[in-house]
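Hi,

Here is the structure I said I would pass on. Have a look at it first, and my notes on what turned up are below.

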Amino acid sequence: MSEGMKDLLAPLKSLQFVPREKLQANDYNPNRVTKENLRLLKQSILMNGWTLPIVVRPDYTIIDGFHRWTVSGDPELHDRLGGVVPVVIVDHQGDRAADMYGTITHNRARGTHLLEPMKKIVQELLDSGKTIQEISKQLGMKPEEVFRLSRFSREEFLEILTQHQQQYSKARVYMEM
């Protein structure tokens with residue numbers, strides 16, 4: 001392995017599990033997440049396990065992973081994690097600009113979900129027999145979002161959505177007059 005490669009792997013070699021209370025937020029992160037997305041992040045950790053360590057400076061100020069750190073304080077996650085979180089240390093030698101660059105590049109490198117690939121994913125899940133409710137829960141979407149990404153007509157979607165619901169009325173919904 002070349003010397004340059006060893007330097008690139010240095011943060012992973014610093015992997016450690018520390019009490020979450022030891023970490024602190026930075027004072028410049030422009031990234032904001034809705035409560036709904038925090039719930040989705042918690043769901044992801046419960047389903048997949050903790051897959052990405054939190055990136056910190058040597059003083060345990062967070063460079064990347066603030067939202068993972070935030071949800072780790074949820075009582076259910078805190079208990080299951082034993083109060084610790086995985087971290088890797090990146091030492092920019094006190095260069096605040098480098099810390100800021102690290103935060104922003106981590107955030108921006110994750111990108112956004114494009115419409116057409118998301119449509120294909122939702123349709124494949126529906127075609128494989130996954131329910132709208134399961135897709136909604138696992139992807140953190142409302143049923144209406146699943147509909148917009150599916151190729152079903154509104155009527156077909158409503159029928160699928162309600163097919164296992166106990167019906168109390170024989171009333172019909174008229175879509176046209």
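**The aromatic pair and its neighbour**

Phenylalanine 66 comes out as partly exposed, with a relative accessible area of 30%. Before going further, please keep in mind that this is a predicted model. Tryptophan 69, by contrast, is buried, at a relative accessible area of 16%, since the cut-off for buried is under 20%. Both residues belong to helix α3 (residues 66-71), where they are 3 residues apart, or about one turn of the helix.

How many aromatic pairs are there? The count comes to 1 aromatic pair. That is phenylalanine 66 with tryptophan 69: the ring centres are 5.7 Å apart and the planes are at 40 degrees, so the pair is classed as tilted. An angle of 40 degrees gets that label because stacked needs planes under 30 degrees apart and edge-to-face needs over 60.

Tryptophan 69 has another partner too: the charged end of arginine 20 sits over its ring, 4.6 Å from the ring centre.

**Salt bridges**

Side chains of opposite charge can pair when their charged atoms come close. In this model the count is 10 salt bridges. Here are some of them.

Arginine 96 pairs with aspartate 27, with 2.8 Å between the closest N and O atoms. Arginine 96 is in helix α5 (residues 96-109), while aspartate 27 is in the loop between β1 and α2 (35-48), so this salt bridge ties together parts that are 69 residues apart in sequence. As for accessibility, aspartate 27 counts as exposed at 62%, because the threshold for exposed is over 50%. Arginine 96, with a relative accessible area of 39%, is partly exposed.

Lysine 142 and glutamate 36 also form a salt bridge, at 3.3 Å from N to O. What does this one connect? Lysine 142 is in the loop between α7 (132-139) and α8 (143-149) and glutamate 36 is in helix α2, so the pair ties together parts that are 106 residues apart in sequence. Lysine 142 is partly exposed at 43% relative accessibility, and glutamate 36 is partly exposed as well, at 30%.

Then there is a salt bridge inside one helix: the side chains of glutamate 116 and lysine 119 meet at 3.6 Å, N to O. Both sit in helix α6 (residues 115-127), 3 residues apart, so about one helical turn separates them. Glutamate 116 is partly exposed, with 48% relative accessibility, and lysine 119 is partly exposed with a relative accessible area of 28%. Elsewhere, Lys42, Asp74 and Glu76 are joined into one network by salt bridges that share partners.

**Serine 14**

One more spot to look at while you have the model open. Where is serine 14? You will find it in the loop between α1 (3-13) and β1 (16-19). A polar atom of the serine 14 side chain lies 2.6 Å from the backbone oxygen of proline 11.

Which residues does serine 14 touch beyond its neighbours within four places in sequence? Those contacts are Val87, Val88 and Ile89. Take isoleucine 89: serine 14 is 75 residues away from isoleucine 89 in sequence, yet their C-alpha atoms are 6.0 Å apart in space.

That's what I have for now. Shout if anything is unclear.

Cheers

Note on methods: Residues are numbered from 1 along each chain as its sequence is written. This is a predicted model: local features need pLDDT of at least 70, side-chain atom pairs count only at pLDDT 80 or more; totals for chains, interfaces and linings use all residues. Side-chain values use heavy atoms; hydrogens and water are left out. Helices (H or I, at least four residues) and strands (E, at least two) are DSSP runs, numbered from the N terminus. Contact means heavy atoms within 4.5 Å. A polar contact is a pair of N or O atoms within 3.5 Å; within protein, one must be able to donate a hydrogen and the other to accept it, and residues adjacent in sequence count only if both atoms are side-chain atoms. A salt bridge is a side-chain nitrogen of Lys or Arg within 4 Å of a carboxyl oxygen of Asp or Glu. Buried means under 20% relative accessible area, exposed over 50%, partly exposed in between (1.4 Å probe, protein chains only). Rings of Phe, Tyr and Trp (its six-membered ring) pair if their centres lie within 6.5 Å; planes under 30 degrees apart count as stacked, over 60 as edge-to-face and the rest as tilted. A charge sits over a ring if NZ of Lys or CZ of Arg is within 6 Å of the ring centre and within 35 degrees of the ring normal.
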